[in-house]
Each structure stands twice: as C-alpha cells, then as structure tokens.
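Thank you all for coming; I would like to take a few minutes to walk through one model with you. Please have the sequence and the structure open while I talk.

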Amino acid sequence: MAAWVVFAGYGVSLTVLALKPSSGSLGFAGQDKLMHAGAFALLFSLGWVALRGVYLLRLVLGCLGLGLSIEVAQGLMPFGREPSLGDLVANAIGVAAAWGLALLAQKYLGA
C-alpha cells in the first residue's frame, strides 16, 4: 500500500513541477533531457515496485501517456511552458531504460 502512495505522490509531483512556469536556468546543454529521462525512469521504477513487477506493459503505456499528457497540457498553457517532442522522446528513453532493467531483474534476480 505504501508503495502505491509513493508512486502516486511522485506522479502528481512530477506533473505539477512539469506544468509550473520554468525558471529557464540550466547548468549544461542537454541537462533538461537528462532530467526528463531520469524523472520518467524513476516514475516507472516506483510503479514497478508498487505493481510488484506485473502489468509492465500497462505501466509503460501509463508512464508514456502521462508524458504525452504533460506535453499537451504545456501547449495549452498561456505562460512559460512549451510542448517539446524532444522532452517526449527523453521521457520515453527513461521509461525504456527502466523497463529494460526491470526485465533483467525479473529474469536474473527473480524480482
């Protein structure tokens, strides 16, 4: 039960942070994409723990759906945010990386 709370709370927090106005200051080129990939890898990983390693395809589709929804919402907002195909791709890369690690863990660790 606690894993579900953490997963849902992180998903809500991720959405809120992605929709609030941006400060526009990043440390290095590509940092934004790295942050997107990491955030969505963590989202998938928390979901994997909450679902105890089952329903992986549904989890993948849910994470990707959230990423797409955030980008669409950013396009509808009148201030400070713009949708980005690059962000969507970075989200998908993060989910795919975490999914790959989850499949390896299931195969070799029985997790």
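Let me begin with the packing around one helix, α2, whose buried residues pack against α1, α3 (56-76) and α4 (85-109). Please keep in mind throughout that this is a predicted model, and that the values I quote are computed from it.

Helix α2 itself covers residues 31-50, which makes 20 residues, and from its first C-alpha to its last it reaches 28 Å, close to the 28 Å expected at 1.5 Å a residue. The buried positions of α2 include Ala37, Ala39, Phe40, Ala41, Leu43 and Phe44, and towards the end of the helix we also find Gly47, Trp48 and Ala50 among them. After α2 comes Arg52, whose phi is positive, near 55 degrees.

One residue of α2 that I would like to single out is His36, which is found in this helix and is buried, with a relative accessible area of 16%. Which residues does His36 touch, if we leave out those up to four places away in sequence? The contacts are with Glu71, Asp87, Ala90 and Asn91.

Asp87 brings me to the charged side chains, and here the structure holds two salt bridges. In one of them the side chain of Lys33 meets that of Asp32, at 3.0 Å from N to O, and in the other Lys33 meets Asp87, at 2.6 Å from N to O. Because Lys33 lies in helix α2 and Asp87 in helix α4, this second pair ties together parts that are 54 residues apart in sequence. Through the partners that these salt bridges share, Asp32, Lys33 and Asp87 are joined into one network. As for their surroundings, Asp87 counts as buried at 7% relative accessibility, whereas Lys33 is partly exposed at 32% and Asp32 is likewise partly exposed, with a relative accessible area of 25%.

Let me now turn to the aromatic rings, where a search of the whole structure finds one pair. The partners are Trp4 and Phe7, and since their ring centres lie 6.0 Å apart with the planes at 70 degrees, the pair is edge-to-face; the cut-off behind that word is an angle over 60 degrees. Why are Trp4 and Phe7 separated by about one helical turn? Both belong to helix α1 (residues 2-19), and they are three residues apart in it. In general, an α-helix has 3.6 residues a turn, so residues three or four places apart point the same way. The two partners can nevertheless be described separately as regards exposure: Trp4 is partly exposed, with a relative accessible area of 42%, while Phe7 is buried, with a relative accessible area of 16%.

Finally, I would like to look at the surface, where Leu101, Leu104, Tyr108 and Leu109 form a nonpolar patch with about 500 Å² of accessible area together. Leu109, a member of this patch, lies in helix α4 and counts as exposed, at 69% relative accessibility. That returns us to α4, one of the helices against which the buried residues of α2 pack, and with that I will stop and take your questions.

Definitions and conventions. Residues numbered from 1 in each chain as written. Predicted model: local features only at pLDDT ≥ 70, side-chain atom pairs only at ≥ 80, totals over all residues. Heavy atoms only, no water. Phe/Tyr/Trp six-rings, centres within 6.5 Å; stacked < 30°, edge-to-face > 60°. Helix = DSSP H or I, 4+ residues; strand = E, 2+ residues; numbered from the N terminus. Buried < 20%, exposed > 50% of the residue type's maximum accessible area, 1.4 Å probe, protein only. Expected span 1.5 Å × (residues − 1). Contact = heavy atoms within 4.5 Å. Patch = residues over 30% accessible without salt bridge, like charges linked within 9 Å, V, L, I, M, F, W, Y side chains within 5 Å. Areas by Shrake-Rupley, 256 points an atom, 1.4 Å probe, with all protein chains shown as cover. Salt bridge = Lys/Arg side-chain N within 4 Å of Asp/Glu carboxyl O.
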